[in-house]
Amino acid sequence: MGRNLRFWLAAPDAAPFDPGDAPVALGALLVRLSRSDLTCALAAPPVIDAILARRYDLTAQEAAEMRETCERIERAAPDTSRFAAILHAAVDYHERHALALSLWEEICREAPLTDEARLTLLAQSVLGVHPADLAPPRRAG
């Protein structure tokens, strides 16, 4: 799993992106974020596992296995800004938005006092999701 994605990341203009690789590609971007100075809330693997499980409806074991694959992809990925730009162009907005919402929900559940401005910045700058799209849906009634 992820082998073709590693080759694609080395030369993204040489072949089309396989939409089936989007979950692992976005997960690898999450792993990259967890290793940056911006995201101390994401630093622990269990938090990434929880985000992946929430987004892709996985068991804890499946999410941990997916994260391990994402870690291998992340090591082969280009620098963060280029990696994010490549994925902005290749991965459908809906997929990036859904991951941003899962990130937002999980981080806020884990640490309700998390800096919302920081999460918004991450969603916008790294995942390419517009801040207005992160507003929680309003409930009728």
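Buried here means under 20% relative accessible area, exposed means over 50%, and partly exposed lies in between (1.4 Å probe, protein chains only). Helices (H or I, at least four residues) and strands (E, at least two) are DSSP runs, numbered from the N terminus.

With that in hand, helix α4 has these buried residues: A63, A64, M66, R67, T69, C70, E71, I73 and E74.

A word on the source. This is a predicted model, where local features need pLDDT of at least 70, side-chain atom pairs count only at pLDDT 80 or more, and totals for chains, interfaces and linings use all residues. Residues are numbered from 1 along each chain as its sequence is written, and side-chain values use heavy atoms, with hydrogens and water left out.

**The chain as a whole**

The chain has 7 helices and 0 strands, so to speak α-α-α-α-α-α-α from the N terminus on. Of its 141 residues, 45% count as buried. The accessible surface (Shrake-Rupley, 1.4 Å probe) comes to about 7,800 Å², and 54% of that belongs to carbon and sulfur atoms. Taking contact as heavy atoms within 4.5 Å, 69% of the contacts between residues at least 6 apart in sequence join residues at least 24 apart.

**Two helices, checked for length**

The expected span of a helix is 1.5 Å times one less than its number of residues.

| Helix | Residues | Expected span | End C-alpha distance |
|---|---|---|---|
| α2 | 22-34 (13 residues) | 18 Å | 18 Å |
| α4 | 60-76 (17 residues) | 24 Å | 25 Å |

For α2 the two values agree, and they agree for α4 too. Helix α2 is largely enclosed by the rest of the structure, because 12 of its 13 residues are buried. Among them are V24, L26, L29, R32 and S34.

**Two spots on α6**

R96 sits in helix α6 (residues 93-110). What does a buried arginine like R96 do for a charged partner? R96 has no salt bridge (side-chain nitrogen of Lys or Arg within 4 Å of a carboxyl oxygen of Asp or Glu), and the nearest side chain of opposite charge, D92, is 6.9 Å away. Its side chain does reach the backbone oxygen of G128, at 3.2 Å. Beyond residues up to four places away in sequence, R96 touches L26, L87, H88, V91, L127, G128 and V129.

A100 is in helix α6 as well, and A100 is buried at a relative accessible area of 1%. Leaving aside neighbours within four places in sequence, A100 is in contact with A123, L127, V129 and L134. A100 and I51 lie 49 residues apart in sequence and 9.4 Å apart in space, C-alpha to C-alpha.

How values were computed: Lys and Arg count as positive and Asp and Glu as negative; His and the chain ends are not counted. A polar contact is a pair of N or O atoms within 3.5 Å; within protein, one must be able to donate a hydrogen and the other to accept it, and residues adjacent in sequence count only if both atoms are side-chain atoms.
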